[in-house]
Amino acid sequence: MAYTIRTFVADTAESGSSDKRLSISLKPGGFSFTIFAGKDHLLTYCDVMLGGDETISAFSTDIKSLFADKHLSTFGYAEAEVVTLSDLASWLPEHLYEKGRERQYLSTIGKVRDGNTCFSDYNALLKSYIVFAAESTAVSAFKISFPGIKVRCQHSKLVVPELVQQVRPSLLLNVREGACDIVASSGGRLLLSNSYPSLAINETLYKAINVMKTLSLENPDLTLWLCGNVDREVYALMSRYFPNVRLYTGRTFTCKNDELRNIHTYKDVLIF
């Protein structure tokens, strides 16, 4: 199967840590991954684009060879996760959640597509579960290569303490192909975490403004955090309608390699 490694950056020094963490992000036309030693020391970043009309679900036979070519292991990680992009997801307080009823929960808000499997992920900050649907074969490709890998969705990664626990109002806008994800919070509380179809950046802007107005967040203290498919034009457009605009770059990390330090993490924030 054809694939292209668009970016591969690794720490020039060997790490003796046995506490390595692997995070993989699935996206249209490819995937990316990071490997951390401990919680915050970045060892490896890789961005892979699949060739032609090939899909991630057909990539399982090549995953191990890709890792082997880069002298990376597919086992022995203290933690491993694969993050999917789901457009059908719902939050449930832990006292209302029952394992095995994920499809039933999702059927109340939409139709689970053929070929999708339902998953759940616990968020300790909210003391809630995010229940979501993801393409079965795409997830299976990585579950085969990384036994025991945890399946998560973008909402699991975007609802984070440093944003949700802020007293001042904030909107996190993850711009992606054909859709956007919005997380809204104020007064130290999560107000909204949802995905919306969006075919153009002006439509994404409309969704963000609508959420701001609906939740009464029109305030000089409001900060719009941007991540995903963001360039100068997108940043400039958002700055015309929101009082404070910043890039959301994920958690802080250490590294020994200047190339790792200069990665635009806001474009791939789900694995940082």
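Select Ala37 and His41: Ala37 stands opposite His41 in strand E4. The model is predicted, so local features need pLDDT of at least 70 and side-chain atom pairs count only at pLDDT 80 or more, while totals for chains, interfaces and linings use all residues. Residues are numbered from 1 along each chain as its sequence is written, and side-chain values use heavy atoms, with hydrogens and water left out.

**The E3-E4 hairpin.** Extend the selection to E3 and to E4 (residues 41-50), which pair in the antiparallel sense over eight bridges. Strands here are DSSP runs (E, at least two residues) and helices likewise (H or I, at least four), numbered from the N terminus; two strands pair if DSSP finds at least two bridges between them. Three residues separate E3 from E4, and Gly38 in the turn has a positive phi of about 65°.

**Strand E3.** Stay on E3 and colour by accessibility. Eight of its eight residues are buried, so E3 is largely enclosed by the rest of the structure (buried means under 20% relative accessible area, exposed over 50%, partly exposed in between, with a 1.4 Å probe and protein chains only). Gly30, Ser32, Thr34 and Phe36 lie on one side, and Phe31, Phe33, Ile35 and Ala37 on the other.

**The E2-E3 hairpin.** Now add E2, which is antiparallel to E3 over eight bridges. Lys27 has Gly30 in E3 as its bridge partner. Two residues lie between these strands, and Gly29 takes a positive phi near 80°.

**The whole sheet.** Show the six strands of the open, mixed sheet, in the order E1-E4-E3-E2-E5-E9. E1 (3-10) and E9 (150-153) are the edges; each has a single partner strand, so one side of each is left without a neighbour in the sheet. From one strand to the next the twist averages 15°. At the E9 edge, E5 (residues 79-84) runs parallel to E9 and is joined to it by four bridges; Val82 is partnered by Val151 there.

Next select helix H3 (residues 136-145), which packs on the sheet and touches E2, E3, E5 and E9 (contact means heavy atoms within 4.5 Å). The direction of H3 makes about 155° with that of E2; axes are lines fitted to C-alpha atoms, for helices over the stretch in contact, and angles run from 0 to 180 degrees between N-to-C directions.

**Lining residues.** Finally select Glu79, Glu81, Arg152, Lys157 and Arg251, which lie nearest the centre of the largest pocket among its 27 lining residues. A pocket is an open set of points on a 1 Å grid over the protein atoms alone, where a 1.4 Å probe fits, with protein on both sides within 12 Å along at least five of seven lines; lining residues have an atom within 4 Å of a point.
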